[in-house]
Amino acid sequence: MDFSYQYRKLLIGILLLCVGWWRFSPYSPRVVMPAYLNAGVDCSQFPPMAMGDEPLQTEVPTGMQPFVLPKVKMTPLAGFSMPARVLHRASYLYDEHASISTTDWFVGWGFMANEKVVKRLKFEQRARFGGIAGTKDGGSMPYSYDDMYLNASNVHLIPANKKIATQISGIKVGDNVRVDGWLVRVDMGNRYVLSSLSRTDRGAGACEVILVCNVTRLASEKVWPDYK
């Protein structure tokens, strides 16, 4: 068989693999834009920004109305500002919630963002759940799960517009960020997703569902507090 023919087949195969990775892999840098972003969301009633090393939750302004878009209604439940370190991230391009949120982060703040703690732990995310998977050396946990989960959470990110979606896509594991926006209930026809309003709950309903109005990179050398 002609060598050039085999070479062309190999190149075509590699090209198809690259296209498939770009189109379908959750690790692809491609920014997926949910359909509702064609209109975007009005973030003019911006919640207060967090100060310090812990999330800040505030009341919804009196008279604030839900964000009603084609096939989606997002009802603000609380203002939310979260300084955190991204400990793990996952993309979901084709599940039932991908029409509003394609990116989840597992994040830590306070001592759970401290380098001395982070380098000892493994984290994982799958099927919209995320958490602490153990220690990297297989040894015992440095702290109790209760203490660690008081300073960590799996968050579902809903970008308010295309600019925010692009910024979220550019945040990598290990980055320090502050996210400002609203904890929301999302209604999609006969389905809904409800945000947690507590940092102390655990289980299926413990994730924050955040309509993200602002993403700010914090200093990469930020020093997070030690365990108290």
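This is a short walk through one protein chain, from its overall layout to a few side-chain details.

Okay, hi everyone. Before anything else, keep in mind that we're looking at a predicted model.

Let's start with the layout. The protein chain has four helices and 10 strands. If you read along the sequence, the order goes α-β-β-β-β-α-β-β-α-β-α-β-β-β. There are 228 residues in the protein chain, and buried ones make up 45% of them. On the outside, about 12200 Å² is exposed, with carbon and sulfur atoms supplying 57% of that. For the contact-map people: take the contacts between residues at least 6 apart in sequence, and 73% of those join residues at least 24 apart.

Now, the disulfide. The count is one, and the partners are cysteine 43 and cysteine 213, with S to S at 2.1 Å. The angle about the S-S bond is -70°, and the link is left-handed. Where do the two cysteines sit in the chain? Cysteine 43 is in the loop between α1 (3-24) and β1 (56-58), while cysteine 213 is in strand β10, residues 208-217, so we have a link between distant parts of the chain, 170 residues apart. Are these cysteines buried or exposed? Cysteine 43 comes in at 17% relative accessibility and counts as buried, because the cut-off for buried is under 20%. Cysteine 213 is buried as well, at 10%. And while we're on cysteines, cysteine 207 has 9% relative accessibility, so that residue also counts as buried.

Next up, the nonpolar packing. The largest nonpolar core has 21 residues, and the members that touch the most others are Met82, Trp105, Val107, Ile210 and Val212. Which elements give two or more residues to this core? Those are β3 (72-91), β4 (103-108), β7 (152-159), α4 (162-170), β8 (176-188) and β10. β3 has the largest share, with five residues. There's another core lying apart from that one, with 18 residues, and its members include Cys43, Trp182, Val184 and Val193. So Cys43, our disulfide partner from a minute ago, turns up again in that second core.

Let me zoom in on Val107 for a second. If you leave aside neighbours within four places in sequence, valine 107 is in contact with Met82, Ala84, Arg85, Val86 and Leu87 on one stretch, and with Asn151, Ala152, Ser153 and Val155 on another.

Okay, a polar residue now: asparagine 154, in strand β7. With a relative accessible area of 4%, asparagine 154 is buried. What does its side chain reach? There's a polar contact of 2.8 Å to the side chain of glutamine 125, and the backbone oxygen of arginine 128 is reached at 3.2 Å. Beyond four places in sequence, the contacts of asparagine 154 include Asp104, Trp105, Phe106, Phe129, Gly130, Cys207 and Glu208. You'll recognise Trp105 from the largest core, and Cys207 is the buried cysteine I mentioned earlier.

Last topic, the aromatics. A search of the whole structure turns up six aromatic pairs. Phenylalanine 111 and tyrosine 143 have ring centres 5.2 Å apart and planes at 85°, so that pair is edge-to-face. Phenylalanine 111 sits in the loop between β4 and α2 (115-118), and tyrosine 143 in the loop between β6 (129-135) and α3 (145-149), so the pair ties together parts 32 residues apart in sequence. Phenylalanine 111 is buried, at 5%, whereas tyrosine 143 counts as partly exposed, at 24%.

Phenylalanine 111 also pairs with tyrosine 227, edge-to-face again, at 4.7 Å centre to centre with 75° between the planes. Tyrosine 227 belongs to the segment after β10, and the two residues are 116 apart, so this is another link between distant parts of the chain. Tyrosine 227 is partly exposed, with a relative accessible area of 34%. And elsewhere among the rings, Phe106, Phe123, Tyr145 and Tyr149 are linked into a cluster by ring pairs. Phe106, by the way, is one of the contacts of asparagine 154.

That's it from me, so let's talk.

Note on methods. Residues numbered from 1 in each chain as written. Predicted model: local features only at pLDDT ≥ 70, side-chain atom pairs only at ≥ 80, totals over all residues. Heavy atoms only, no water. Buried < 20%, exposed > 50% of the residue type's maximum accessible area, 1.4 Å probe, protein only. Contact = heavy atoms within 4.5 Å. Areas by Shrake-Rupley, 256 points an atom, 1.4 Å probe, with all protein chains shown as cover. Disulfide = S-S within 2.5 Å. Core = buried A, V, L, I, M, F, W, Y, C linked by side-chain atoms within 4.5 Å. Polar contact = N/O pair within 3.5 Å; in protein donor to acceptor, adjacent residues only side chain to side chain. Phe/Tyr/Trp six-rings, centres within 6.5 Å; stacked < 30°, edge-to-face > 60°.
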